[in-house]
Amino acid sequence: MRMQAWDSAVTIRAMRIQTRRTTWKSWWTDRRSWSNACVGISEKLALEALRCADWNVESAIEMFYSGDIPSLRPVVDLKALETLYKRYRDKHQDLILAEGVGQFCDDLDVDPSDVVMLVLSYHLKAQTMCEYTHEEFVNGLAKLGLDSIEKIKDRIPKMRAELEDPSTFREIYAYAFLFSREKGQKSVMLDVAIEMWRLLFTDGRWPLLEDWCTFLQTYHNKAVSRDTWLQLLEFVKLGDDLSSYDPSGAWPFLIDEFVEHKQARATGT
């Protein structure tokens with residue numbers, strides 16, 4: 001009986017090893033599907049990612065992109081980050097609140113309304129505007145490999161450049177909606193949404209921006225839903241030429257109304 005049990009255990013172990021090897025070979029063979037975004041990835045690093053993800057390919061890819069693989073994590077001075085957090089932390093709560101954020105911006109020589117602070121907050125995964133938790137601030141900066149004001153300052157130009165990448169801009173734009181909501185609310189207050197749009201669509205990125213804002217203030221004057229927020233980014237791609245706008249498309253009612261308003265004004269009706 002003992003011999004049979006031993007043989008069974010060995011067989012199961014061998015099957016597990018073979019399964020892992022098969023998974024590894026399959027993943028390594030197909031890794032070109034994502035290695036273009038990870039130029040220079042080595043077999044050693046790929047294997048480490050799989051081990052950390054318990055041999056789950058999708059989890060390994062996610063860990064690679066998020067930098068959660070131990071060997072990819074930048075070396076930072078956690079004590080320095082704790083000191084930095086304490087510098088801005090509120091006296092009565094274990095949070096960095098508006099006053100602390102303002103001081104943080106002063107130290108960075110950045111205006112609090114500068115869009116780069118939105119990009120930084122996106123990287124820190126901050127959940128609330130003008131507020132950073134200990135985890136968001138310390139862990140977020142640690143993942144970025146930033147443990148001093150000087151290093152954060154040096155990273156600012158790169159963060160600004162991220163807004164020029166369409167894919168990253170889309171992610172930051174979607175994040176901005178969640179970031180702008182008041183706690184417990186599903187929508188964003190109109191005045192906040194307008195200021196955020198003005199922040200994101202700067203330098204003439206969308207010629208109809210002010211027309212849109214004026215239309216909302218005049219005819220809508222209500223909070224902005226997530227659907228309207230997200231679909232607007234697709235609408236912005238039309239620029240100022242609405243001739244290609246398809247009213248039968250799955251546009252939010254608010255955007256349909258805006259287009260009708262613009263067309264009516266153009267024809268004088």
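**Briefing: burial, pockets and backbone in a predicted model**

C213 is buried, because its relative accessible area of 0% is under the 20% limit. The model that contains this residue is predicted. The protein has 14 helices and 2 strands, and buried residues make up 38% of its 269 residues. Among contacts in the protein with a separation of 6 or more, 61% are between residues 24 or more positions apart.

**Helix α6 and its surroundings**

- Helix α6 spans residues 98-108, and its buried residues are G100, V101, G102, F104, C105 and L108.
- The cover over these buried residues of α6 includes the helices α5 (78-88), α7, α8 (134-144) and α9 (149-162).
- The strands β1 (95-96) and β2 (132-133) are also included in the cover over the buried residues of α6.
- D109, just after α6, takes a positive phi of about 60°.

**S121 in helix α7**

- Helix α7 covers residues 115-124, and S121 is found in it.
- S121 has a relative accessible area of 2% and is therefore buried, the limit being under 20%.
- When neighbours within four places in sequence are left aside, S121 is in contact with A126, Y132, Y175 and F179.

**W206 and its contacts**

- W206 lies in the loop that joins α11 and α12 (209-220).
- The relative accessibility of W206 is 2%, which is under 20%, so this tryptophan counts as buried.
- Not counting residues up to four places away in sequence, W206 touches F201, W212, L232, F235, V236 and G239.
- W206 and L233 are 27 residues apart along the chain, and their C-alpha atoms are separated by 9.9 Å.

**The second largest pocket**

- The volume of the second largest pocket is about 390 Å³.
- This pocket is lined by 20 residues, of which P112, S113, M129, C130 and F179 are the closest to its centre.
- Helices α6, α7 and α11 (190-200) are the elements that give two or more residues to the lining of the second largest pocket.
- By residue class, the lining of the second largest pocket divides into 13 nonpolar, 4 polar and 3 charged residues.
- The second largest pocket lies between domain 2 (78-163) and domain 3 (166-267), because both domains give residues to its lining.

**The largest cavity**

- Empty space in a model can be located by rolling a probe the size of a water molecule over the atoms.
- The count comes to 1 cavity of 30 Å³ or more.
- The space in the largest cavity is about 30 Å³.
- The residues that line the largest cavity are L108, V116, M117, L120, I152, I156 and M159.
- Two elements, α7 and α9, give two or more residues each to the lining of the largest cavity.
- The lining of the largest cavity consists of 7 nonpolar residues, with no polar and no charged ones.
- L108 thus appears in two settings: it is one of the buried residues of α6, and it is also one of the residues that line the largest cavity.

**Cysteines**

- A search of the whole structure finds 0 disulfides.
- C130 is in no disulfide, and the nearest cysteine sulfur, that of C105, is 8.5 Å away.
- With a relative accessible area of 40%, C130 is partly exposed, because this value falls between the 20% limit for buried and the 50% limit for exposed.
- C130 is also among the residues closest to the centre of the second largest pocket, whereas C105 is one of the buried residues of α6.

**Residues with a positive phi**

- Most residues other than glycine have a negative phi.
- K125, which is not a glycine, has a positive phi near 60°.
- K125 lies in the loop between α7 and β2.
- The relative accessibility of K125 is 54%, which is over 50%, so this lysine counts as exposed.
- D203 is also not a glycine, and its phi is positive at about 55°.
- D203 is found in the loop between α11 and α12, the loop in which W206 lies.
- At 81% relative accessibility, D203 counts as exposed, whereas W206 counts as buried.

Technical notes
Residues numbered from 1 in each chain as written. Predicted model: local features only at pLDDT ≥ 70, side-chain atom pairs only at ≥ 80, totals over all residues. Heavy atoms only, no water. Helix = DSSP H or I, 4+ residues; strand = E, 2+ residues; numbered from the N terminus. Buried < 20%, exposed > 50% of the residue type's maximum accessible area, 1.4 Å probe, protein only. Contact = heavy atoms within 4.5 Å. 1 Å grid on protein atoms, 1.4 Å probe; cavity = no way out; pocket = protein on both sides within 12 Å on 5 of 7 lines; lining within 4 Å. Points joined across faces, edges and corners; volume = space filled by probe spheres on them. Nonpolar A, V, L, I, M, F, W, Y, C, P; charged D, E, K, R; others polar. Domains from an automatic or database assignment. Disulfide = S-S within 2.5 Å.
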